[in-house]
Amino acid sequence: MAAHRRPRQHPFGGRTARTAAILALAGAATATGFEGTGQAEPRLTPTQVKTEVDTLYREAETATQKYDGAKEQADAGERRLNALRDEAARKTRKLNSARDALGTFAAAQYRSGDIAPTWQLALSSDPNRYLDDAALAERAGDRQAADVSQVRRQLQEIERLRGAARVELKTLKSHQDELRRQKASVTGKLTEARRLLAELTPSQRDQVTGADDTGGTTPGHAARAAGDAGQAQAGAVAAPDSRAAAAVAYAFAKLGSPYVWGATGPHSFDCSGLVQAAYRSAGVSLPRTTYAQIDAGRRVSRSELRPGDLVFFYSGISHVGLYIGNGRMIHAPNPSAPVRVAPIDQMPFAGATRVV
């Protein structure tokens, strides 16, 4: 009888197979790890960081202008909505008073209406006076009919106001949604710019952000920045218009103030907020955004520039400064640089406007 033998094990079966699989997976993981390390994104050079950060700041400023515009519309819409609600409330109170008066008159008519007018005349001790009273009552009835018509008109007007308020509320919510979208866009781009700058050394960051220019951000540059600003002010061409001169003086007084997107002063600004605040101090009202500010006055060519003119940059009209003469301006550049004096050649020139 043939002896029973155990079946021959496959060379890669059982524990051996599992061990081989584990080693294979480990090798694959190691290879993947080395591959990822070998293809890791290299650190950017300061020049590359500057390019990336400048792009992010420009995109953020474009989003900031859209945010400013949406906020201006939202604020105006909220004021209109509140005005509509206040007017509707006033008219409702007036309507309720008119209804109360009509109710009192109707109740009086009901109480005195049990005796027919002919019997009231027959039973009256003074027929002449009764006729006078009847004529007065008829005129009063005409007035009450007019009051009823007025109440109807008031009801229609209140309904119109309520309808307008509903439309205004819907528009306001749309502007608020746009505000949230633009805020998210701005904060996302500024966060990425801060991350890139954090990877540089302090000296590299100064080089990238231009902190050694007029209006520097570091204590070591503060004294020289103040001196440079003083020289710029002393050498500035006098503005021919008193309001333009007042706006320029305001901008000089704000040198060193921080850039904060959406801010209009008095202690921090974005680019269009600084220009708006400068002219507001001179008694001149300007729109909130660069897109609207460029159309707020008379366009002038670059060769015609004089102090107080608004100078705009980039093809999208996303940045503005206040011209002070000698090819220089005061502007709020970006979150890494405060309000400062800078040459208008620093950015692509897009146009200029004279508002006074």
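Trainee: Which residue of β3 is the bridge partner of F312?

Mentor: In this predicted model, F312 has V320 as its bridge partner in β3. Elsewhere along β3, L322 stands opposite L310.

Trainee: Why are β2 and β3 called paired strands?

Mentor: Two strands count as paired when at least two bridges are found between them. Strands β2 (residues 310–313) and β3 (residues 319–325) have four bridges, in the antiparallel sense; therefore the requirement of at least two bridges is met. The hairpin of β2 and β3 has five residues between the strands, and Y314 takes a positive phi near 75° there.

Trainee: How many bridges join β3 to β4, and what makes this a pairing as well?

Mentor: Three bridges join β3 to β4, and the two strands run antiparallel. The criterion asks for at least two bridges, so β3 and β4 are paired. L322 has I330 as its bridge partner in β4. In this hairpin two residues lie between the strands, and N326 takes a positive phi near 55°.

Trainee: Why is the sheet called open, and which strands are its edges?

Mentor: The order of the six strands is β1-β6-β2-β3-β4-β5, with antiparallel pairing. The edges are β1 (298–300) and β5 (340–343), each of which pairs on one side only. On average, neighbouring strands of this sheet are turned by 40° against each other, direction ignored. In general, such pairing within a sheet is made through backbone hydrogen bonds.

Trainee: Which helices lie across β3, and at what angles?

Mentor: Helix α7 (residues 242–253) lies across β3, β4 (328–331) and β5, at about 110° to β3. Helix α8 (residues 271–281) lies across β2, β3 and β4, and runs at about 45° to β3.

Trainee: What makes β3 a mostly covered strand?

Mentor: A residue is buried when its relative accessible area is under 20%. Seven of the seven residues of β3 are buried, so the strand counts as mostly covered. For the protein chain of 356 residues, 35% count as buried.

Trainee: Which residues have the most contacts inside the largest nonpolar core, and what makes it one core?

Mentor: They are Y279, L310, L322 and I330, in a core of 53 residues. The set counts as one core because its members are buried residues of the listed kinds, joined through side-chain atoms within 4.5 Å. Elements that each supply at least two residues include α7, α8, β2 and β3. The largest share, twelve residues, comes from α2. A second, separate core has eleven residues, among them L305, F313, Y314 and I344.

Trainee: How do you know that I330 touches L274?

Mentor: Contact means heavy atoms within 4.5 Å, and L274 is among the residues that I330 touches. The residues touched also include A251, F252, L322 and V341, residues up to four places away in sequence not being counted.

Trainee: Where does the largest share of the lining of the largest pocket come from, and what makes a residue part of that lining?

Mentor: A lining residue has an atom within 4 Å of a point of the pocket. The largest pocket has 28 such residues, and K50, D54, P333, N334 and Q346 lie nearest its centre. The largest share of the lining, eight residues, comes from α2, while α4 and α5 (202–209) each supply at least two residues. About 450 Å³ of space lies in this pocket.

Technical notes: Residues numbered from 1 in each chain as written. Predicted model: local features only at pLDDT ≥ 70, side-chain atom pairs only at ≥ 80, totals over all residues. Heavy atoms only, no water. Axes fitted to C-alpha atoms, helices over the stretch in contact; angles between N-to-C directions. Buried < 20%, exposed > 50% of the residue type's maximum accessible area, 1.4 Å probe, protein only. 1 Å grid on protein atoms, 1.4 Å probe; cavity = no way out; pocket = protein on both sides within 12 Å on 5 of 7 lines; lining within 4 Å. Points joined across faces, edges and corners; volume = space filled by probe spheres on them.
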